[in-house]
Amino acid sequence: METSVWTKVFLVTEDLFNKIATSKYNPLYYHGALPQFIMYVLFLSGLLLFAYYVPTIDNAYVSKNLVNAFTSVKYITNDIPFGAVVRAVHRYAGDAMVVAIVLHMVRVWFTDRYRQYRWVQWESGIVLLIMVLFIGQTGYYLIWDERSLILTRMTVSALETIPVIGVGLGHWFLNGRAISNLTLSNFLFIHIGLSFTLLFGLWIHYVRMTRPVITPPPVVNYVLMGLLLLVVYLFPITATKMADLQSLTTNSMDIDLFFLFPYWVLSQTGMFGFWAFTIIGTLAVCLIPLPMGAKPIEAAEVVNTKCTGCTFCSRDCPYQAIEMVPAPAGSRFKLIATVKSYRCSGCGVCVGACAFDAIDLPNLLDTDVTEKIKQLSKAQS
Amino acid sequence: MAIRVVIMAIGIAACLYGSIMMPWAEMNMTKENLPHTLTLLRLEPVADALDSVFGQTAEAHKASLDAKEAEGNRGEYVYAFAIGLAILGGALAVAAIGSADEQEKMLMPEKK
Ligand code: SF4
Ligand code: SF4
């Protein structure tokens, strides 16, 4: 099979990493597992922040040491030991999550691993990415500074332009007809509720994988943690101003391009451009596997007369494409392997697993596969 | 291999530097706070050297955080830097020379 230019680029990069770190610790081999580790960091740091966060916006008595969302965030930052660091870790781990997911996507795309039976992984991955982006955005609302207020107002106006359900969505978002204490409860609920829903999304993401790699080795995690702490030091949290509901100013604000780029698009292109970008962009990435995945794949085939029902192939198949079913009456064996062709990637693992020559790829003979593996292993040693 | 040895050496140096720097990172460290064992072992010159090097480093970090208008306790950021450097250095050293599984065992089933 032809290797695409991009696959070659990735192979060369992998090789480079293998030269500076042992292959066991090559981060590129864990591109799918990295976001999962970052998720644990986010859960833990988020839990610490949640312990002190107060989701209200009441700011009528600022002078009397009132506790509200903004002042509770300030309290966390200035008075809780390591509060500022935990806050910064939470923020930058979120950014790292987006970067890791996008890298994972790019690599999956360029190494051609999104086609056919893997459409479930591709689509669920996009849903997970959208969820992560929305969770990150709600995190920015929760601080309840001037930027939070601008973002909230921009979101409501964007939602209200949706025909028929837009106004209702706006009210759902604010948890009422206007910004109130209930609004921040809603933001907190979305932020935390959606974060836990990620676990369900991940289950769907993994469902067709026999052995998904979901935890990078500790060393890779430590590298990531070390980098995160250095970023915290290099880009510390800076003070912001409390949101003022009376203010109608739309001051310019810092945009975190990892999470807030939709707002940047909105500010640059207006409502129409924003929705066109969002809808067309999302549809485009969702539909990619359809035309691009049309390359036909010849599924493995079981030679019924030879299969002994030993289950090796079914346990080795990476995509749960082989099911062991009861053997037909009269057979000497109890089970027989059957291939679910819509899940088969034609990878040939089962051909190598079968010691009885009982499973073949239509265009690739068992003997050829064994010969090829022998050649490769000789070339490597 | 040579590049891995270099990375390992840099990693170990960074790990040691970060680890020793940690006590000074929160700004309150002085020579008197160092363990009394150092005096018993007559290692005052080491204590002096550590205190002057890391005391000054911590102050420099603090100044850079002031310039960035960091919110919260500056020392905690410097501590994050020190521990981050130590973790990163240590992990890189392990990744560079840690147990390799490059030579995977490939078992070829004998076909019947
Ligand atoms: S070729 Fe075999 S191992 Fe590979 S996906 Fe198909 S059935 Fe599974
Ligand atoms: S490994 Fe071969 S013999 Fe065993 S169940 Fe699969 S096809 Fe049948």
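User: How many residue pairs in polar contact does the rule find across the interface of domain 1 of chain A and domain 2 of chain A?

Analyst: The rule finds zero such pairs, both residues being required at pLDDT 80 or more. A polar contact is a pair of N or O atoms within 3.5 Å; within protein, one must be able to donate a hydrogen and the other to accept it, and residues adjacent in sequence count only if both atoms are side-chain atoms. This is a predicted model, in which local features need pLDDT of at least 70 and side-chain atom pairs count only at pLDDT 80 or more, while totals for chains, interfaces and linings use all residues. Residues are numbered from 1 along each chain as its sequence is written, chains are lettered from A and ligands numbered from 1 in the order in which they are written, and side-chain values use heavy atoms, with hydrogens and water left out.

User: What is the count of salt bridges between domain 1 of chain A and domain 2 of chain A?

Analyst: The count is zero, where a salt bridge needs a side-chain nitrogen of Lys or Arg within 4 Å of a carboxyl oxygen of Asp or Glu.

User: What is the area buried between domain 1 of chain A and domain 2 of chain A?

Analyst: It is about 770 Å², with 41% from carbon and sulfur atoms; buried area is the accessible area (1.4 Å probe) that two parts lose on being put together, summed over both. A:Tyr117, A:Arg208 and A:Thr210 supply 68% of the area that domain 1 of chain A buries against domain 2 of chain A.

User: Which residues surround ligand 2?

Analyst: Among them are A:Cys307, A:Met324 and A:Phe356, a residue being near if one of its heavy atoms lies within 4 Å.
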